[in-house]
Amino acid sequence: MWHRKSVPYLDKMIEHYGKDILAAPRYQEQDSYIQHGNITVRQHCMSVARASLKMDSLLHAHSDEKTLIRGALLHDYFLYDWHKPEQSPNWHGFRHARIALQNASKDFDLNMLEEEVIRKHMWPLNASLPKCREAWIVNLADTYCSLLETLHIHKNRL
């Protein structure tokens, strides 16, 4: 049996709760877009899902794991290369959470907490505070993973 915080265990949980997301053709498009450094958007979202689960465990937050995983997988579901000005809207950092939520809502059945996670993952760039622990944890995990990726410390494994 895998240790609860091991990558194989976390990946098994992500596969279980995010099976429909991971299998979706539009979701797989994210392999075409770079997020930070040489990490694709899909790899970044997987890392954020793993980090969210680890943080939830370390903080004893007792979040809903399904919401945490699905929100993390979809938090950057904006479907364009933000490094290319002709593809990216102005002020990407401020707008992409709303765009990700619009895309995710079209392609997947989301509950209210999953919507909250996606919508609020960029606080404080998004003005309103997250209202659930899952949104706070994904926000922290996203910031952590983004920093590691930007500094090229991240090897797509936590």
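## A contact made by Ser63

With which side chain does the side chain of Ser63 make a polar contact? In this predicted model, the partner is the side chain of Asp56, and the distance given for the contact is 2.7 Å. Ser63 itself is found in the loop between α3, which covers residues 41–59, and α4, which covers residues 65–74.

Ser63 has a relative accessibility of 9% and therefore counts as buried, since the cut-off for that class is under 20%. When residues up to four places away in sequence are not counted, Ser63 touches Asp56, Leu68, Arg133, Glu134 and Ile137, so that Asp56 appears both in this list and as the partner in the polar contact.

## Two histidines in the loop between α3 and α4

The loop between α3 and α4 also holds His60 and His62, and the backbone of each deserves a careful look. Most residues other than glycine have a negative phi. His60, however, has a phi near 50 degrees, which is a positive value, and His62 likewise has a positive phi, near 55 degrees.

Are these histidines buried or exposed? His60 counts as exposed because its relative accessibility is 59%, and His62 counts as exposed because its relative accessibility is 64%. Ser63, by contrast, lies in the loop between α3 and α4 but counts as buried.

## The surroundings of Gln30

Gln30 is found in the loop that runs between α2, residues 25–28, and β1, residues 34–36. With a relative accessibility of 1%, Gln30 counts as buried. Leaving aside neighbours within four places in sequence, Gln30 is in contact with Thr40, Val41, Arg42, Cys45, Asp76, Tyr77 and Leu79; one of these residues, Tyr77, returns in the next section.

## Aromatic pairs

The structure holds two aromatic pairs. In one of them, the rings of Tyr27 and Tyr77 have centres 5.9 Å apart and planes at 25 degrees, so this pair is stacked. The pair links distant parts of the chain, with Tyr27 in helix α2 and Tyr77 in the loop between α4 and α5, where α5 covers residues 92–107, and the two residues are 50 residues apart. Both Tyr27 and Tyr77 are buried.

Tyr77 also forms an aromatic pair with Phe108, and this pair is tilted, with 5.7 Å from centre to centre and 55 degrees between the planes. This pair too links distant parts of the chain, because Phe108 lies in the loop between α5 and α6 (112–120), 31 residues from Tyr77. Tyr77 has a relative accessible area of 0% and is therefore buried, and Phe108, at 7%, is buried as well. Through these ring pairs, Tyr27, Tyr77 and Phe108 are linked into a cluster.

## The largest nonpolar core

In soluble globular proteins, nonpolar side chains tend to be buried together. Here the largest nonpolar core has 41 residues, and those with the most contacts inside it are Ile14, Tyr27, Leu73, Leu74 and Tyr77. At least two residues of this core are supplied by each of α1 (7–23), α3, α4, α5, α6 and α7 (133–150), and the largest share, eight residues, comes from α3.

Leu74 shows how parts of the chain meet around one residue of this core: leaving aside its neighbours within four places in sequence, Leu74 is in contact with Ile21, Tyr27, Ala100, Ala104, Phe108, Leu110 and Ile118. Among these contacts, Tyr27 and Phe108 also belong to the cluster that ring pairs form with Tyr77.

Conventions: Residues numbered from 1 in each chain as written. Predicted model: local features only at pLDDT ≥ 70, side-chain atom pairs only at ≥ 80, totals over all residues. Heavy atoms only, no water. Helix = DSSP H or I, 4+ residues; strand = E, 2+ residues; numbered from the N terminus. Buried < 20%, exposed > 50% of the residue type's maximum accessible area, 1.4 Å probe, protein only. Polar contact = N/O pair within 3.5 Å; in protein donor to acceptor, adjacent residues only side chain to side chain. Contact = heavy atoms within 4.5 Å. Phe/Tyr/Trp six-rings, centres within 6.5 Å; stacked < 30°, edge-to-face > 60°. Core = buried A, V, L, I, M, F, W, Y, C linked by side-chain atoms within 4.5 Å.
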